[in-house]
Amino acid sequence: MNVYFNILYKNLRFAHLFALLLLVAVVSFTNADAAGEHAEKNAASSIHPDVALKTYRKLLKEKLKVITQALSTVLKSSFEKQRKVVGILVEKILKFFSEAKVRLTELGIAPGDPFPSDDNIKEVFSLVLENTYFLGKLVLHMPDLVHETITKFPEWKILVQYAVGFSNDSNAFIGVDDKILHLMAQEFEIVEKDPEYVNPNSRKYVEEKQRQLEMELKEMKKVIAKEKKKKQKGPKLSGPRRYEL
Ligand SMILES: *[C@@H]1O[C@H](CO)[C@@H](O)[C@H](O)[C@H]1NC(C)=O
């Protein structure tokens, strides 16, 4: 945490430093802390994985709420600030995925395994889920920035594929949160895109909309011009008729 804080302090004049710290805190490995939580974890180790998963979903929901709130603060900042934040976060998330993949593999944990009861495993497990969601939110809200940044890392696709697959197989995400996984998988093209899929926050989409609007405007102008011509012709036609009278 201190390392991240120093990096941020040196490199950023960020108006919403607090929000950013919240976000980065999610990325880092944390130490098992409060005694109460510890007792709860130990109690959880003797219960059935399905029950543990149900309990965990509530905790996850709270964590995802924090991510969403902090992200909305970032989205209110300038484009340049967003670029800096995305640059830092994408790198940290990928680094985390890479470490987590090694750690989980060492621990013998494969995607789709039952919800873990071991505290150490649970921590890494949960951080993979949180960071996956976090990256999903980032790419869905700032697609161009994230794509531009993430493709600089040669291993990015393998790592994102692993993390999304792991999260999907965990069954911990439900409802709209689960949707994020499916949307991000399409956005990163790690699954086939639904023909209907669009990201309304992408430059491509905005430009396409703009083009459509301009074309509609042109059409409208044409129609108006035609109408005008008709009206101009009108009196001319009636002219001779009046002359005949
Ligand atoms: C998630 O899992 C379901 C069921 O196994 C599968 O159909 C779907 O393609 C997976 N989605 C992703 C994004 O991995």
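This passage describes the helical architecture of a predicted model, a helix pair within it, the surroundings of its ligand and several individual residues.

The protein chain contains 10 helices and 0 strands. Read along the sequence, its elements accordingly give the pattern α-α-α-α-α-α-α-α-α-α. Of the 245 residues of the protein chain, 26% count as buried. Contacts between residues at least 6 apart in sequence were also examined, and 79% of these join residues at least 24 apart.

The packing of one helix pair was then considered. Two packed helices are described by the angle between their axes and the distance between the axes. For helix H5 (residues 79-106) and helix H8 (residues 156-170), the angle is about 65 degrees and the axes are 10 Å apart. The crossing in which H5 passes H8 is left-handed. On the H5 side, the residues that meet H8 are Leu94, Phe97, Ser98 and Lys101, while H8 contributes Trp156, Leu159, Tyr162 and Ala163. By class, this contact of H5 with H8 comprises 6 nonpolar, 1 polar and 1 charged residues.

H8 also takes part in the surroundings of the ligand, since it and helix H9 (176-187) each supply at least two residues of the shell. The residues that surround the ligand are Val164, Gly165, Asn168, Leu181, His182, Ala185 and Val191. Classified by type, the shell around the ligand holds 4 nonpolar and 3 polar residues, with no charged residues.

Helix H7 (residues 143-150) shows how burial can be distributed around a helix. Its buried residues are Pro143, Leu145, Val146, Thr149 and Ile150. These residues lie on the same side of H7 because they cover an arc of only 165 degrees around the axis. An α-helix has 3.6 residues a turn, so residues three or four places apart point the same way. The cover over the buried residues of H7 includes H5, helix H6 (119-141), H8 and H9.

Several residues of H5 and H4 illustrate how positions separated along the chain are brought together in the model. Alanine 100 lies in helix H5. Alanine 100 counts as buried because it has 22 C-beta neighbours inside 10 Å, and a residue is buried at 20 or more. Its C-alpha atom is separated by 7.1 Å from that of valine 128, although the two residues are 28 residues apart along the chain. Neighbours within four places in sequence being left aside, alanine 100 is in contact with Val124, Leu127 and Val128. Glutamate 99 also belongs to helix H5, but this residue is partly exposed, with 13 other C-beta atoms within 10 Å. From glutamate 99 to valine 124 the C-alpha to C-alpha distance is 9.5 Å, and the two are 25 residues apart in sequence.

In helix H4 (residues 49-75), lysine 58 was examined. Lysine 58 counts as exposed because it has 8 C-beta neighbours inside 10 Å, and a residue is exposed at 12 or fewer. The C-alpha atoms of lysine 58 and alanine 172 are separated by 9.5 Å, with these positions 114 residues apart along the chain taken as their sequence separation. Proline 49 is likewise placed in helix H4. With 14 other C-beta atoms within 10 Å, proline 49 is partly exposed. Its C-alpha atom and that of serine 117, 68 residues apart along the chain, are separated by 7.3 Å. Apart from neighbours within four places in sequence, the contacts of proline 49 are with Pro114 and Phe115.

Two loop residues were noted for their backbone angles. Most residues other than glycine have a negative phi, and most peptide bonds are trans. Asparagine 171, in the loop between H8 and H9, has a phi near 65 degrees, which is a positive value in a residue other than glycine. Asparagine 171 is partly exposed, with 14 other C-beta atoms within 10 Å. Glutamate 189, which is not a glycine either, has a positive phi of about 55 degrees. This glutamate is located in the loop between H9 and helix H10 (203-244). Glutamate 189 counts as exposed because it has 11 C-beta neighbours inside 10 Å, within the limit of 12 or fewer.

Conventions:
Residues are numbered from 1 along each chain as its sequence is written. This is a predicted model: local features need pLDDT of at least 70, side-chain atom pairs count only at pLDDT 80 or more; totals for chains, interfaces and linings use all residues. Axes are lines fitted to C-alpha atoms, for helices over the stretch in contact, and angles run from 0 to 180 degrees between N-to-C directions. Helices (H or I, at least four residues) and strands (E, at least two) are DSSP runs, numbered from the N terminus. A crossing is left-handed if the near helix is turned anticlockwise from the far one by less than a right angle, and right-handed if clockwise. Two residues are in contact if their C-beta atoms, placed from the backbone, lie within 7 Å. Ala, Val, Leu, Ile, Met, Phe, Trp, Tyr, Cys and Pro count as nonpolar, Asp, Glu, Lys and Arg as charged, and the others, Gly among them, as polar. A residue is near a molecule or strand if its C-beta atom, placed from the backbone, lies within 6 Å of it. The arc is that of the directions from the helix axis to the C-beta atoms.
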